[in-house]
Amino acid sequence: MSDSKYGFATRAIHDGQQPDPLTGAVNVPIYLTSTYQQEAIGKNKGHEYARLTNPTRDALEESLCSLEGGTSAHCFGSGMAAITALCTMMKAGDHVVCSDNVYGGTSRLFDKVLVHYGLTFTYVDTSNAENVRAAIRPETKLVHIETPTNPMMSVTDIRAVAEICHAKGVELSVDNTFLSPYLQRPIELGADIVMHSTTKFLNGHSDGLGGVLVCTKPEQAERFRFVQKCTGGILSPFDSYLLLRGVKTLAVRMKQHDTNGRAVAEFLVEKLGADKVFYPGLATHPQHELAKRQQRGFGSMLSLELGSLEKANAFASRLKLCYLAESLGGVETLICHPATMTHAAVGAEGRAKLGITDGLMRISVGIEEVEDIIADLAQALA
């Protein structure tokens with residue numbers, strides 16, 4: 001790794017990405033190989049089989065480890081594969097406390113798959129740290145939070161929750177997908193593990209799936225390497241290359257995402273009123289001061305309430321520049337309807353409890369000219 005004195009943007013470009021010693025190429029090669037020649041029985045050059053290690057993936061893992069400030073990083077084929085690997089730390093009878101407004105795919109994995117293996121889950125509003133304290137049981141092994149949450153943009157005090165977890169011998173994992181390590185560093189605030197869907201801001205170009213777990217302890221690293229070896233849900237060399245390329249511009253992209261997100265939020269407040277816009281960068285947001293303390297910026301994720309499915313459909317059908325699409329974090333502006341997309345599996349009753357109405361739209365503000373984004377939103381809302 002580079003010397004820690006270097007700034008974030010410098011490390012994003014250089015850590016794990018030294019010039020190729022054979023050719024001097026400044027980009028890490030894509031090592032499209034499934035196996036490696038061994039010099040003799042029991043003697044190799046550090047690689048045996050591509051499910052275990054690949055030089056392109058190794059470079060990526062070193063880069064992401066540096067940016068999050070962890071001790072190791074482990075890349076998987078998707079964000080959901082990373083969360084699945086996270087849960088392999090547990091065994092039947094163990095308990096997990098989770099943010100109630102978590103991504104719908106996460107709760108679907110927990111409630112529809114992992115419960116059949118003897119794990120139990122409790123969902124609480126983690127924006128109140130005392131809810132976490134009250135939910136922890138003797139059999140609790142993990143607290144998993146999103147902050148900000150998807151799609152209601154609720155913010156959790158990472159440091160406060162980490163202190164509660166550690167006092168009770170429980171590990172804390174934080175899904176940092178919405179902000180990236182440029183805008184939020186959960187490990188510095190006490191998190192034990194940081195998770196990302198690398199498909200989103202880390203990649204930044206809507207052209208590759210991936211997930212990562214960044215660790216702080218040797219036993220975590222040993223476990224996740226073993227899971228990569230045993231389950232094979234690894235990131236491919238080509239997707240690793242795409243992600244390395246995306247990470248190099250993470251700092252400049254996140255600066256523009258943040259600038260554009262703030263401007264779009266202010267426009268929407270003027271258009272719809274502050275009570276219809278969910279964005280931690282607004283002074284009216286209930287956790288605005290907390291977001292200012294633990295984040296370097298507010299990012300580009302926000303949601304707006306349009307009042308009905310009919311109005312949401314009319315808005316979506318008028319979009320010209322922005323795309324109605326699932327996912328987020330790309331350079332283009334992506335607008336999602338959570339009730340039928342990201343949180344369809346939660347069910348109508350579950351969505352109602354979380355405030356996810358049929359009129360709610362989530363916006364991932366891109367890095368186009370912000371005047372063009374706002375003009376498109378304005379005409380779609382007219």
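Me: What counts as a salt bridge?
Reply: A salt bridge is a side-chain nitrogen of Lys or Arg within 4 Å of a carboxyl oxygen of Asp or Glu. Keep in mind that this model is predicted. Between domain 1 and domain 2, the count of salt bridges is zero.

Me: Where do the two domains lie in the chain?
Reply: Domain 1 covers 8–246. Domain 2 covers 250–381. Their C-alpha centres are 25 Å apart.

Me: How do I read the size of an interface?
Reply: Interface size is often given as the accessible area lost when the parts come together. Here, domain 1 and domain 2 bury about 3200 Å² between them. Carbon and sulfur atoms account for 64% of that.

Me: Which three residues supply more of the area that domain 1 buries against domain 2 than any other three?
Reply: They are Tyr182, Leu183 and Phe201, and they supply 23% of that area.

Me: How many residues are in contact?
Reply: On the domain 1 side there are 41, and they meet 42 residues of domain 2.

Me: How many residue pairs are in polar contact across the interface?
Reply: The rule finds 17 such pairs, with both residues at pLDDT 80 or more.

Me: Which elements of domain 1 give two or more residues to the side that touches domain 2?
Reply: Look for α1 (8–14), α4 (104–112) and α7 (180–183). By type, the residues on this side of domain 1 are 19 nonpolar, 18 polar and four charged.

Me: Helix α7 caught my eye. Which residue there has a positive phi?
Reply: Ser180, which is found in α7. Its phi is about 70°, although Ser180 is not a glycine.

Me: Now the sheet. How do strands pair?
Reply: Strands of a sheet pair through backbone hydrogen bonds, either parallel or antiparallel. In this model, five strands form an open sheet with mixed pairing. Read the order as β8-β9-β12-β11-β10. The edge strands are β8 (277–278) and β10 (323–324), each pairing on one side only.

Me: In which sense do β8 and β9 pair, parallel or antiparallel?
Reply: Antiparallel, over two bridges, with β9 spanning residues 301–305. Val277 stands opposite Leu304 in β9.

Me: Last topic: where are the cis peptide bonds that lead into Pro148 and Pro151?
Reply: One joins Thr147 and Pro148, with omega about -5°. Another joins Asn150 and Pro151, with omega about 10°. Pro148 sits in the loop between β4 (140–146) and α6 (158–167). Pro151 is also in the loop between β4 and α6.

Terms used: Residues are numbered from 1 along each chain as its sequence is written. Side-chain values use heavy atoms; hydrogens and water are left out. Domain bounds come from an automatic or database domain assignment. Contact means heavy atoms within 4.5 Å. Buried area is the accessible area (1.4 Å probe) that two parts lose on being put together, summed over both. A polar contact is a pair of N or O atoms within 3.5 Å; within protein, one must be able to donate a hydrogen and the other to accept it, and residues adjacent in sequence count only if both atoms are side-chain atoms. Helices (H or I, at least four residues) and strands (E, at least two) are DSSP runs, numbered from the N terminus. Ala, Val, Leu, Ile, Met, Phe, Trp, Tyr, Cys and Pro count as nonpolar, Asp, Glu, Lys and Arg as charged, and the others, Gly among them, as polar. Two strands pair if DSSP finds at least two bridges between them.
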